[in-house]
Amino acid sequence: MKKQLVAFVCSVLCCTAGLAQYAEVYPSNWWVGMKWNKVQLMLYNDYDEFNQETVRITYPGVKIEKVHKVENGSYIFVDVSIAATAKPGNVSIELISGGKAHVVSWPLKSRTPGKGTTFAQGINSSDFIYLLMPDRFSNGDPSNDRIEGMKDQTLDRDSIYHRHGGDFAGIINHLDYLKDLGVTALWMTPVIENDMPERTEHGYAFTNHYKIEPRFGGAKMYKMLGQELHKRGMKLVQDAVYNHVGVHHFTVTDPPMKDWLHQWPSFTQTTYKDQPLYDPYAAEVDKRKMLDGWFTRHMPDLNQDNPFVANYLIQHALWCVEEFGVDGWRIDTYPYNDLDFMNRCNKALMDEYPKMTMFGETWVHGVAAQAYFTRNKTNTAFKSNLPSVTDFQTNLYGIIPALTEKFGWTEGVNKLYSTLAGDYLYENPMNNVNFLDNHDKSRIYSVVNEDLDKQKMGIGWLLTTRGIPQMYYGTEVLMKGHTNPDGWVRLDFPGGWKGDSKSAFTKDGLDDREIEAQEWTKKIANYRKSSSAIKTGKLMQYVPDDGLYVYFRYDGKQTVMCIMNTSDKAKTVEFSKYPEMTKGIKSVKNITGEQPTEGDSFLVEPKQMMILELVK
Ligand code: CA
């Protein structure tokens with residue numbers, strides 16, 4: 001009784017004050033003219049029970065197909081279909097009980113113009129992605145650093161796990177810096193609300209899918225960031241998490257039904273072992289633990305077999321792209337998801353946005369393992385439709401050993417060479433996203449023991465090998481740090497806060513080495529922008545010779561020769577050793593050095609990388 005009185009009072013007050021509605025509706029709005037025109041609405045009302053109510057919509061072109069009453073009376077699911085003839089406007093959803101109707105308003109908007117041209121453009125090998133953590137890049141608006149009522153009230157830049165105040169406004173202020181650096185696409189760790197009590201800096205524990213993190217500036221500023229990127233010809237990548245949510249998500253604290261989450265008799269963590277998913281000798285129990293175990297105690301596992309969960313997640317993905325003008329989609333913890341669900345979800349996005357691309361995080365071991373999760377040329381029973389993956393193989397078994405191991409039959413740069421040879425398994429390896437480091441990995445400058453030459457070689461490789469390069473914020477100015485704990489690889493970008501003693505944006509306070517790395521990145525990334533061979537051409541690699549690794553990027557118009565001398569001795573490079581690629585050269589443009597290379601052979605110093613455009 002009391003509950004109902006509160007509900008009544010609230011509905012009256014809220015309607016008159018224009019505040020929260022009688023029930024929340026997810027997705028919070030939709031559009032006319034979407035391919036996905038059968039929408040499953042989740043209505044949630046934590047102070048009343050829907051079991052008594054009937055639902056009515058009288059809006060031209062919007063029809064209720066089915067109403068689902070579920071175990072928890074605080075939820076009701078309503079399937080609606082939206083006819084092509086429906087007009088944009090506010091749909092009134094009436095919830096009728098005992099002759100009384102509560103009305104919930106659900107906006108139906110006209111579609112965002114520019115699909116495929118100014119948003120949902122897809123990310124491809126012509127792009128250069130910059131990954132940053134919004135809390136750690138730049139604080140453009142100190143008024144949103146702490147939000148009253150949110151559980152994490154920390155604000156302490158001296159702690160690696162407390163909030164630091166970075167936000168969308170700070171990023172917008174520095175988009176020109178990124179553009180000058182040669183970046184074409186921005187990927188941020190998740191921007192969805194994480195109203196968790198602690199460790200909220202990473203963003204992977206969503207608590208309300210339809211709320212953009214207010215400490216970053218909320219939906220309004222997120223939309224503005226997308227617009228500011230597009231104004232500069234840059235793209236927006238959103239980080240999506242389907243596998244789990246934060247333990248404080250309302251669907252966890254008050255689940256719609258018993259099997260909304262994967263439940264275990266006692267807490268069971270995922271094994272983090274992807275092998276059982278494709279291993280011909282796997283035990284079923286290992287597969288179940290991998291897929292259905294919880295990511296951590298604070299991140300429960302969503303049951304994507306449950307069609308209500310699946311719809312909730314798919315619709316959220318579509319909603320984000322249309323609402324915020326997203327161009328590319330990064331999918332967290334890809335192998336932990338139900339893979340049939342992932343195929344459905346990817347398909348829904350690609351059906352709605354044909355140019356849209358997505359790349360999944362595949363922190364797995366071996367090309368064969370990684371290929372399983374993306375489009376490939378193998379004959380496994382399960383076929384993934386995922387266009388692209390974060391290439392952990394060219395990282396773990398590629399560039400890292402190339403820069404840190406002594407050359408050997410299977411060691412050093414031979415590993416990079418061998419890993420790339422495995423590309424025959426992928427349908428299109430040009431879609432793979434390469435990286436030197438990210439928010440979960442030790443920073444490359446620390447991995448190479450703060451050796452500037454090796455850092456430059458890594459960056460040179462990243463920007464010229466096949467695929468899509470992704471740089472982690474600060475790698476261009478030698479930010480360092482080892483994981484364990486991972487907070488040390490998530491430090492503040494220099495110059496992002498008022499009063500910082502040095503600034504990567506203005507170069508104030510940067511030392512010579514930091515400036516050298518930054519200029520090197522800028523030079524190659526901007527050259528890349530103009531090079532068809534690097535952006536879309538083919539790759540030919542030659543068998544490494546005592547630490548000297550030579551590869552070419554080429555197409556009908558251009559040939560680019562990339563030379564990595566990973567050894568500690570100077571090496572002589574002879575053009576005649578690579579006749580297929582060097583035949584008929586008239587001149588050479590040295591992209592990385594000041595002097596043009598003359599003659600038929602030349603010397604490459606230890607730990608040096610050279611990029612030459614061969615003019616034929
Ligand atoms: Ca702020």
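**Close-up 1. Irregular arrangement of donors at the calcium ion in the predicted model.** The six donor atoms around the calcium ion subtend angles of 64 to 163 degrees, and the arrangement is therefore irregular; the model in which this site appears is a predicted one. The protein donors are Asn139 (OD1), Asp141 (O), Asn144 (OD1), Asp145 (OD), Gly165 (O) and Asp167 (OD), which lie 2.3 to 2.6 Å from the calcium ion. Along the sequence, the spacing of these donor residues follows N-x1-D-x2-N-D-x19-G-x1-D. Asp141 has a relative accessible area of 27% and is therefore partly exposed, whereas Asp145, at 8% relative accessibility, counts as buried.

**Close-up 2. The open sheet of five strands.** The strands of this open sheet follow the order β19-β20-β21-β25-β23, and their pairing is antiparallel. At the edges stand β19 (538–541) and β23 (587–590), each of which pairs on one side only. From one strand to the next, the twist averages 25 degrees. Within the sheet, strand β21 (residues 559–565) and strand β25 (residues 609–615) run antiparallel and are joined by six bridges, and here Ile563 has Met610 of β25 standing opposite.

**Close-up 3. Helix α14 lying across strands of the sheet.** Helix α14, which spans residues 452–462, lies across β20 (548–554), β21 and β25. With respect to β25, helix α14 runs at about 35 degrees. Helix α14 also belongs to the elements that cover the buried residues of α12, the subject of the next view.

**Close-up 4. Buried residues of helix α12 and the elements that cover them.** In helix α12, which comprises residues 413–421, the residues Val413, Asn414, Leu416, Thr419 and Leu420 are buried. The cover over these buried residues includes the helices α10 (367–372), α11 (392–404) and α14, together with the strands β19, β20 and β21. Of these strands, β19 is an edge strand of the open sheet and pairs on one side only, while β20 and β21 are among the strands across which helix α14 lies.

**Close-up 5. Surroundings of Asn343 in helix α9.** Asn343 is part of helix α9, which covers residues 339–352. The relative accessibility of Asn343 is 14%, and for this reason Asn343 counts as buried. When the neighbours within four places in sequence are left aside, Asn343 is in contact with Phe382, Lys383, Ser384 and Asn385.

Methods:
Residues numbered from 1 in each chain as written. Predicted model: local features only at pLDDT ≥ 70, side-chain atom pairs only at ≥ 80, totals over all residues. Heavy atoms only, no water. Helix = DSSP H or I, 4+ residues; strand = E, 2+ residues; numbered from the N terminus. Buried < 20%, exposed > 50% of the residue type's maximum accessible area, 1.4 Å probe, protein only. Contact = heavy atoms within 4.5 Å. Donors = N, O, S within 2.8 Å, 3.2 Å for Na, K, Ca; no water. Tetrahedral: all angles 85-135°; square planar, octahedral: opposite > 155°, others 65-115°. Pairing = 2+ DSSP bridges. Axes fitted to C-alpha atoms, helices over the stretch in contact; angles between N-to-C directions.
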